[in-house]
Amino acid sequence: MKDLMGIITAPENFKYLQDITADRVVAAVPYGGRYRLIDFILSNMVNSGIQNVGLFIGEKSRSLLDHLRSGKDWDLHRKRNGLFILPTDCSSFSGTPMGNLEYFYKHLDYFHGSTEKYVLIGGSNTIFNTTFNKFFKFHMDNNADVTIIYSEYPQIDPANSTTLEIDAANRVIDIKVNPSRKKKSKKISMEIYLMKKELLMDITDTCVSKGQSDLTKDGIIKNIKNLNVYAYRYTGYFGKVTSLTSYYHHNMALLNPEIWTELFFESGPIYTKVKNEPPTKYTQSSKVLNSLIASGCIIEGQVENSILFRGARVFKNSTVKKLYFVAKI
């Protein structure tokens with residue numbers, strides 16, 4: 001996969017997540033007791049052999065930058081390639097909120113300077129574990145211009161999704177962004193795109209010059225009859241965090257051992273920032289049932305069906321049930 005570079009878009013913040021994104025971007029939101037949401041897409045790229053990853057960041061990125069640092073924990077602190085942090089000034093050419101194409105446009109020199117021929121683009125609010133090798137082969141075998149990964153895994157919050165309509169040959173014939181719940185396709189785009197780097201730069205330059213800023217709406221949907229757009233089905237667990245409800249649901253899903261094993265081990269490890277903390281302390285009065293508890297906690301009471309982040313403390317004679325608790329981040 002040395003001919004493939006990765007692009008992660010992190011500026012997006014959903015209005016339904018404002019309670020947990022007041023001080024950080026969605027990519028830096030805690031997940032699963034010790035991880036951040038960006039750990040999944042970043043680890044998936046690294047496990048696929050991608051060595052050049054560009055990360056577009058927007059406002060409120062301090063927490064994200066502190067989490068990633070040099071990219072060492074993902075083996076991306078390299079003399080050549082590695083992790084590139086690409087800041088944006090958050091001002092729009094059109095005066096409206098910036099879209100991903102405007103971010104790309106402001107860093108076209110990064111794309112020009114990269115040696116890879118293909119580019120994989122992914123968001124930072126998705127939860128899944130895979131490698132992209134079969135996806136890349138599918139793209140090449142179909143001689144596709146653009147290939148999109150989709151999932152039919154049920155989403156707790158289907159309203160904020162991009163759906164695909166495909167034909168028998170897996171060619172995309174229609175795309176809808178946030179359609180109504182009625183008569184909605186079950187093929188949920190994972191908003192992961194594969195294409196030639198030159199095509200991305202051409203789409204970016206063309207769309208921005210016309211005042212357009214969104215890759216999906218402006219770059220692909222409006223050109224769906226001119227491009228060979230294919231869809232690749234992903235069959236594993238897939239979660240997309242777009243609201244507090246989906247955030248809680250996809251966290252608590254980890255209490256299912258099958259989901260937990262799949263998400264953290266089956267296709268490759270999920271890397272995160274290493275913190276040197278003591279192991280969790282359990283006392284004679286503590287009792288823990290079906291829960292995930294990160295390091296650095298003190299458990300003196302009872303914990304059931306809960307996920308506790310680093311540094312949490314449950315006092316004696318206290319009971320915690322069905323709780324996702326972030327003590328310190």
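## Exercises on a predicted protein model

At 26% relative accessibility, Asn-81 counts as partly exposed. The structure examined here is a predicted model, and the exercises below move from single residues to the protein as a whole.

### Exercise 1: Two residues with a positive phi

Find where Asn-81 lies and where Glu-191 is found, and then state what phi is in Asn-81 and in Glu-191.

**Solution.** Step one is to place the residues: Asn-81 lies in the loop that runs between helix 2 (62–68) and strand 5 (82–87), whereas Glu-191 belongs to strand 11, which covers residues 188–196. Step two is to read the backbone angle, and here Asn-81 has a phi near 65°, which is a positive value in a residue other than glycine, while Glu-191, also not a glycine, has a positive phi of about 55°. Step three is to set these values against the general rule: most residues other than glycine have a negative phi. Step four is to add the accessibility, where Glu-191, at 27%, counts as partly exposed, because partly exposed covers the range between 20% and 50%.

### Exercise 2: The surroundings of Ser-43

Decide whether Ser-43 is buried or exposed, and list the residues that Ser-43 touches beyond four places away in sequence.

**Solution.** Begin with the position, since Ser-43 is found in helix 1, made of residues 38–47. The relative accessible area of Ser-43 is 0%, and because buried means under 20%, Ser-43 is buried. Next, look at the side chain of Ser-43, which reaches the backbone oxygen of Asp-39 at a distance of 2.6 Å. Finally, leaving aside residues up to four places away in sequence, Ser-43 touches Trp-74, Pro-269, Ile-270 and Tyr-271.

### Exercise 3: Asp-145 and its contacts

Work out which atom of Asn-228 lies 2.7 Å from a polar atom of the side chain of Asp-145, and how far apart the C-alpha atoms of Asp-145 and Leu-194 are.

**Solution.** First locate Asp-145, whose place is in the loop between helix 5 (133–141) and strand 8 (146–151). With a relative accessible area of 26%, Asp-145 is partly exposed. The atom of Asn-228 that was asked for is the backbone nitrogen, which lies 2.7 Å from a polar atom of the Asp-145 side chain. Turning to Leu-194, this residue is 49 residues from Asp-145 along the chain, and their C-alpha atoms are separated by 8.2 Å. Not counting residues up to four places away in sequence, the residues that Asp-145 touches include Leu-194, Met-195, Lys-196 and Asn-228.

### Exercise 4: Arg-34, a cavity and a pocket

Describe the place of Arg-34, and then say what lines the largest cavity and the second largest pocket.

**Solution.** Arg-34 is found in the loop between strand 2 (30–31) and strand 3 (35–36), and at 34% relative accessibility Arg-34 counts as partly exposed. The side chain of Arg-34 makes a polar contact of 3.1 Å with the side chain of Tyr-35, and, beyond four places away in sequence, Arg-34 touches Thr-272, Phe-309 and Arg-310.

The next step is the cavity: a search of the whole structure finds 1 cavity of 30 Å³ or more, and the largest cavity has a volume of about 40 Å³. Its lining consists of Arg-34, Arg-36, His-67, Thr-272, Lys-273, Lys-275, Phe-309 and Arg-310, which by class are 1 nonpolar, 2 polar and 5 charged residues.

The last step is the second largest pocket, which holds about 180 Å³ of space. Arg-34 is one of its lining residues, among them also Tyr-35, Trp-260, Phe-264 and Leu-308. Helix 9 supplies the largest share of this lining, 3 residues, and the lining divides into 8 nonpolar, 2 polar and 1 charged.

### Exercise 5: The whole protein

Determine how the radius of gyration of the protein agrees with that of a compact globule, and what share of the residues counts as buried.

**Solution.** Start with the elements, of which there are 9 helices and 22 strands. For 329 residues, a compact globule would have a radius of gyration near 20 Å, and the value for the protein is 20 Å, so the two agree. Along the principal axes, the C-alpha trace spans about 65 × 45 × 40 Å. Of the 329 residues, 54% count as buried. Lastly, among contacts between residues at least 6 apart in sequence, 67% join residues at least 24 apart.

Conventions:
Residues are numbered from 1 along each chain as its sequence is written. This is a predicted model: local features need pLDDT of at least 70, side-chain atom pairs count only at pLDDT 80 or more; totals for chains, interfaces and linings use all residues. Side-chain values use heavy atoms; hydrogens and water are left out. On a 1 Å grid over the protein atoms alone, a cavity is a set of points where a 1.4 Å probe fits but cannot get out, and a pocket is an open set with protein on both sides within 12 Å along at least five of seven lines; lining residues have an atom within 4 Å of a point. Grid points are joined across faces, edges and corners, and a volume is the space filled by probe spheres set on the points. Helices (H or I, at least four residues) and strands (E, at least two) are DSSP runs, numbered from the N terminus. Ala, Val, Leu, Ile, Met, Phe, Trp, Tyr, Cys and Pro count as nonpolar, Asp, Glu, Lys and Arg as charged, and the others, Gly among them, as polar. Buried means under 20% relative accessible area, exposed over 50%, partly exposed in between (1.4 Å probe, protein chains only). A polar contact is a pair of N or O atoms within 3.5 Å; within protein, one must be able to donate a hydrogen and the other to accept it, and residues adjacent in sequence count only if both atoms are side-chain atoms. Contact means heavy atoms within 4.5 Å. The radius of gyration is taken over C-alpha atoms; the globule rule is 2.2 Å times the number of residues to the power 0.38.
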